[in-house]
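The following exercises concern contacts between domains and the surroundings of bound ligands. Each task is followed by a solution in steps.

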Amino acid sequence: MNKKVYIETYGCQMNMSDTEIVSSLLIDNGFDIIDKAASADVILLNTCSVRDNAERKIFEKLTHLKQYKKKNSKLVVGILGCMAERLQDKLTNEHDIVNIAIGPDEYRKIPELIQNAFYGQKGIAVELGTIETYDDIIPLRTEGNCAWLSIMRGCNNFCSFCVVPATRGRERSRPMSSILKEVEQLQKDGFKEVTLLGQNVNSYRCPETKSRFPELLSNVAKTAPKIRFRFTSSHPKDISDRLIEVIAENPNVCNHIHLAMQSGSNRILKLMKRRYTFEHYLSRIEFIKKLIPDCSLTTDIIAGFPSETIEDHQDTLRAMETVEYDGAYMFKYSARENTTAYDMEDDVPDEEKTRRLNEIIDLQHKISRKLNKNEINRIHEVLVEGPSKKNKEEWFGRTDTNKVVVFPAPEGIKQGDKFKIKISRYTSATLFGEIVEE
Ligand code: SAM
Ligand code: SF4
Ligand code: F3S
């Protein structure tokens, strides 16, 4: 009988996409993927190291998994992803429960390491490569009608706070030809939305044709006109006019751009090694708003970076008011080993970081509410994702601007349907409306 593998995924969309690649690899090697940990022969945690609390969650999970190991001493527990890369053999040496640790460029070794683990062998594989893109593996996609598609791996930017270049290695791109082939197949398979993934998609460079990201985006949009396309992330230092034009020109490229600002203070941006000023950032936002007036904008913000003063923090609040983001991911700075900021004194006390973060969150809620109020009476095409958790009679979906819309469900509704919905109510996080005929 095939051995059963349960995989739990943490962290960013890259990890979600990698779990699909790992699942596909395992199935090809005679394993079954299941969705319940209790009956698994193998439990894999695909982990994130971006902030300390992400890693703490995994250590808590490992403590929790001890009860499974008590019931089944042959259970194999594996750590995949960024934490495996960062902590390497510390995971297998210091945590009895961990049998294997495998970094993001070594997933092809998983079947072999699992087999060895069944015979009691601990295993680690954490070499970072410069060419691995898993280009030949068709990911096992189970998430409805929306697919992730990694177009590149790694990152060369070395922002001073960020552990990703250390955990995911150097940047490399997949050939455009293979991405287009996959997109064509996704359209044939009935997928309705595809998100192109990379840590900095602006650095995409086809290894065969040397094409850059705007050309790739334009080509995928034309190859699969029935699919709507998103991408993440763009780096503000090199998001080009051409990319913004491609979004404006192609109706099936979503009107949503995620552009991580991190801070509104030029002094902090310099220390973060982001390589742009707020003025440059704002010029990009202004160009986006000029070409695509309805484009929604989201960002990432870090509160309490080393040496951040109240004035720096106020620059961030002012920047948020100037740009008016539809949404934001907001974090307290977390010092990470193997980053250049780790050598700086983490001198903003935790309570002060929390206070600044709360101010940022409150302001963002205020701005989101204000922008969502403008949505009243607008009609959006909504791609249906599933039933609403709060009310069985209602379902939810997303606009092309990436806003969640909840609406009364007609009979026979299913995931992947599209409806025109007129917005009638809002909160800072959600829009509510009714289906309309146009
Ligand atoms: N490559 C993406 C970009 O530059 O837009 C970012 C990817 S990173 C995994 C996601 C976000 O996590 C970053 O934009 C940053 O705001 C946040 N982040 C990264 N390192 C952090 C740290 N040490 N402390 C707090 N937040 C951090
Ligand atoms: Fe991290 Fe900067 Fe690379 Fe984004 S661009 S993954 S923040 S180093
Ligand atoms: Fe993603 Fe976390 Fe790694 S954000 S790239 S899984 S450190």
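**Exercise 1.** Determine how many salt bridges count between domain 2 and domain 3, and describe the polar contacts between these domains.

Solution. Step 1: apply the criterion for a salt bridge, namely a side-chain nitrogen of Lys or Arg within 4 Å of a carboxyl oxygen of Asp or Glu. Between domain 2 and domain 3 the count is 1 salt bridge. In this predicted model, local features need pLDDT of at least 70 and side-chain atom pairs count only at pLDDT 80 or more, while totals for chains, interfaces and linings use all residues. Residues are numbered from 1 along each chain as its sequence is written, chains are lettered from A and ligands numbered from 1 in the order in which they are written, and side-chain values use heavy atoms, with hydrogens and water left out.

Step 2: examine a salt bridge by its residues. The side chains of Lys-403 and Asp-326 form one, with an N to O distance of 2.8 Å.

Step 3: count the polar contacts. A polar contact is a pair of N or O atoms within 3.5 Å; within protein, one must be able to donate a hydrogen and the other to accept it, and residues adjacent in sequence count only if both atoms are side-chain atoms. Between domain 2 and domain 3 there are 10 residue pairs in polar contact, both residues at pLDDT 80 or more.

Step 4: assign the domain 2 side to secondary structure, where helices (H or I, at least four residues) and strands (E, at least two) are DSSP runs numbered from the N terminus. Two or more residues each come from β11 (228–232) and α13 (350–373). The largest share, 5 residues, belongs to α13.

Step 5: classify that side. Ala, Val, Leu, Ile, Met, Phe, Trp, Tyr, Cys and Pro count as nonpolar, Asp, Glu, Lys and Arg as charged, and the others, Gly among them, as polar. The side of domain 2 that touches domain 3 has 9 charged, 6 polar and 3 nonpolar residues.

**Exercise 2.** State what area is buried between domain 2 and domain 3, and which residues of domain 2 supply 41% of its part.

Solution. Step 1: fix the bounds, which come from an automatic or database domain assignment. They give domain 1 (4–125), domain 2 (146–373) and domain 3 (379–435).

Step 2: locate the pair. The centres of domain 2 and domain 3, taken over C-alpha atoms, are 26 Å apart. Contact (heavy atoms within 4.5 Å) takes in 18 residues of domain 2 and 16 residues of domain 3.

Step 3: evaluate the buried area, the accessible area (1.4 Å probe) that two parts lose on being put together, summed over both. The value is about 1,400 Å², with carbon and sulfur atoms giving 48%. Arg-228, Arg-369 and Asn-372 supply 41% of what domain 2 buries against domain 3, more than any other three residues.

**Exercise 3.** Identify which residues surround ligand 2 and which are closest to ligand 1.

Solution. Step 1: collect residues with a heavy atom within 4 Å of the ligand. Around ligand 2 these include Cys-155, Phe-158, Cys-159, Cys-162, Gln-199 and Arg-274. The shell divides into 7 nonpolar, 3 polar and 1 charged residues.

Step 2: inspect the backbone at Phe-158. Its phi is near 50°, a positive value in a residue other than glycine. Phe-158 belongs to the loop between β8 (152–153) and α6 (164–168).

Step 3: turn to ligand 1. Of the 16 residues surrounding this ligand, the closest are Phe-161, Gln-199, Gln-262, Asp-300 and Ser-334.

Step 4: list polar atom distances. Backbone N or O atoms lie 2.8 Å (Gln-199) and 2.7 Å (Ser-334) from a nitrogen atom of ligand 1. A polar side-chain atom of Arg-274 lies 3.4 Å from an oxygen atom of ligand 1.
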